[in-house]
Amino acid sequence: MKASSFFGFTRNVAMAHPFVSSYARPVPGVPFAIDLEGRQVIGSDIWQLKKAGLINSTFVQLFGPKGCGKSAVQKMWAAFAYMRRGADMERIRIVIHDRKPEGEASEYAKLAAITGSITFEMGSMQVNPFERKLFLNQTGGKDVYELGMLDIAKILAEYTDGPLSPLEYYALRVAMFEMLTHYDELVWSPEVLQQICGSLNSSMLAAYHRTLNEKLIVKTTDRLANLQLEVLRTKVEGQINELKEADHLLQFSDLIGPAISVSARLGNLLNGKIGRMFGFKHSLYDIRTQRAVVKDWRGMDDDAETLARWIDNNITINAAEMNRKDLLPTVELDDERHKSMRNARYTDSLLFLTEIARGLEMLNIGSSHWYNSMRPGEEGSESWNKGDLVIRNMGLRVYGNITNETGYKREVQEREQISTREVNRMATLPKFCFAAKLQGEDGPMTFFRTIASQKLIKDILETDSAVAKMTEKGDLRSDDYLQRYAQANNFTYIG
């Protein structure tokens, strides 16, 4: 009896089989890749890596050129997260930022349809960033997180005309106080805030100062409760009461010009092309609290998208500060993350999110082409340094083909502390093959190929419908083809 034979060591024979591995440990998470070196099945469970102390944060960044399979990896992570959502409905909230067209729909439309998620076309939303439910200190509570709302107001005032002066910021605070205390929550909006800034008066300023004094007294009272000596308590109370009665040096006449300037800033924003994104057509709270959401950014002006993303990041930061877990996504996919990095304020908000990522129950997966896609400006500039710090803060960096550009290869090699052989191999990776190394991990890179069922590939991962349509062969003898040809060329078809 004759059969094919393989000459070599037993270890090599075993490792040649695609489903044999020298590892006997169970695979954590959902299997999604095969180790190209050892044929080990690789599982996806970022939270377990964080729990084990193998990574510092659950922020992940994919790098690679167009067509290497970055979006496919993100879709697989999303699909696995949806699977987990089915078993854990109360904890999993998934948000996908979708920017690329796929045929007549968006790239993630198939995934959205199959998983039953809601797709929001962000360019036509018209939302109110001062929606009260976004700023409640706790779910079902009544107290509003005023500083969070003030942060959003400051973003709007600074977006088109640059940083506010100290007096402009003071005028904005007075106007925000007036809106929150004297207007119904149903009319809280950027438009109302603009009108208040343009009609600020001395009574508003006096009421604001009275409230500041009342807050000072409340804080002092709380602090005095810890004082044991009656004499010291009486002395401090006297000092605070004396300060409360003192005249404030800031007079209304000092704020007239700054208040008009802030009103003009808000007017420039609201009456320009960006202003179309604001209104009461949809609820930001409803968008953020869905179990599964695809945010379709296609067709939205770049400046408007960047502002919306900046506000979105700020709401996430506020939610973390308020411990509002109902407003925090559990899984967030940020395809083409670099598109908003040109705005310094957005980069600041993303950088802050990566800095506090240790305390967030959130898996954030972004993708970009290469390092400099995330680092706008000249090397060493403030924007470049902030983008670079965002990259450094990632708990896991995954690379597709890094191309043969010498400078980039050298930087990847130094950042990941890998060998020349490894970085050269990264420059020749085929589609759907990647390399990764855990944050601060010693040892070699892990090279892997993603795996997916044929149904997952066909129904979710396939992203080249334009090419498929152009290469689809038509039957020139069919009645359907001849009818369409006749109609397109104004012929009369006789069957």
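Helix H12 supplies the largest share of the lining of the largest cavity, 4 residues. The model analysed here is a predicted one. The largest cavity encloses about 170 Å³ of space, and the structure holds 3 cavities of 30 Å³ or more. In total, 15 residues line the largest cavity, and Met122, Val127, Met277, Leu284 and Ala308 are those that lie nearest its centre. By class, the lining consists of 12 nonpolar, 1 polar and 2 charged residues.

Helix H12, which spans residues 302-322, also takes part in salt bridges. Aspartate 312 of this helix pairs with lysine 295 of strand S8 (residues 292-296), 17 residues apart, and the closest N and O atoms of the two side chains are 3.2 Å apart. Aspartate 312 and lysine 295 are both buried. A further salt bridge connects arginine 309 and aspartate 334, with 3.0 Å between the closest N and O atoms. Arginine 309 belongs to helix H12 and aspartate 334 to strand S9 (residues 331-334), so this pair ties together parts that are 25 residues apart in sequence. Both of these residues, aspartate 334 and arginine 309, are buried as well.

The count of salt bridges in the protein comes to 16. One of them joins the side chains of arginine 324 and aspartate 326, with an N to O distance of 2.9 Å. Arginine 324 has a relative accessibility of 2% and therefore counts as buried. Aspartate 326 counts as buried because its relative accessibility is 18%, where the cut-off for burial is under 20%. Elsewhere, Arg375, Asp388, Arg392, Glu411 and Arg415 form one network through salt bridges that share partners.

Asp388 is also among the buried residues of helix H14 (residues 382-392), together with Trp384, Lys386, Gly387, Val390 and Ile391. The cover over the buried residues of H14 includes two strands, S3 (59-63) and S11 (396-399), and two helices, H13 (344-355) and H15 (406-416).

Across the whole protein, 19 helices and 13 strands are assigned. Of the 495 residues, 47% count as buried. Among contacts with a separation of 6 or more, 72% are between residues 24 or more positions apart.

The largest nonpolar core has 91 residues, and the members that touch the most others are Phe130, Met176, Leu193, Phe278, Leu307, Tyr399 and Met426. Helix H6 (residues 166-182) contributes the largest share of this core, 9 residues. Apart from residues up to four places away in sequence, methionine 176 touches Phe130, Met149, Leu150, Ala153 and Leu193. A second core of 25 residues is separate, and its members include Ile46, Val73, Leu438 and Phe448.

Ile46 is also one of the contacts of leucine 363, a residue of strand S10 (residues 363-368). With a relative accessibility of 4%, leucine 363 counts as buried. When neighbours within four places in sequence are left aside, the contacts of leucine 363 are Ile46, Trp47, Thr58, Val60, Thr330, Val331 and Glu332. Leucine 363 and serine 57 lie 306 residues apart along the chain, with 8.6 Å between their C-alpha atoms.

Aspartate 254 is placed in helix H10 (residues 252-270). Aspartate 254 counts as partly exposed because its relative accessibility is 33%, a value that falls between the limits of 20% for buried and 50% for exposed. Outside its neighbours within four places in sequence, aspartate 254 is in contact with Leu167 and Leu249. The C-alpha atoms of aspartate 254 and alanine 171 are 9.6 Å apart in space, while the two residues are 83 residues apart in sequence.

Terms used
Residues are numbered from 1 along each chain as its sequence is written. This is a predicted model: local features need pLDDT of at least 70, side-chain atom pairs count only at pLDDT 80 or more; totals for chains, interfaces and linings use all residues. Side-chain values use heavy atoms; hydrogens and water are left out. A nonpolar core is a set of buried Ala, Val, Leu, Ile, Met, Phe, Trp, Tyr and Cys residues joined through side-chain atoms within 4.5 Å. Buried means under 20% relative accessible area, exposed over 50%, partly exposed in between (1.4 Å probe, protein chains only). Contact means heavy atoms within 4.5 Å. A salt bridge is a side-chain nitrogen of Lys or Arg within 4 Å of a carboxyl oxygen of Asp or Glu. On a 1 Å grid over the protein atoms alone, a cavity is a set of points where a 1.4 Å probe fits but cannot get out, and a pocket is an open set with protein on both sides within 12 Å along at least five of seven lines; lining residues have an atom within 4 Å of a point. Grid points are joined across faces, edges and corners, and a volume is the space filled by probe spheres set on the points. Ala, Val, Leu, Ile, Met, Phe, Trp, Tyr, Cys and Pro count as nonpolar, Asp, Glu, Lys and Arg as charged, and the others, Gly among them, as polar.
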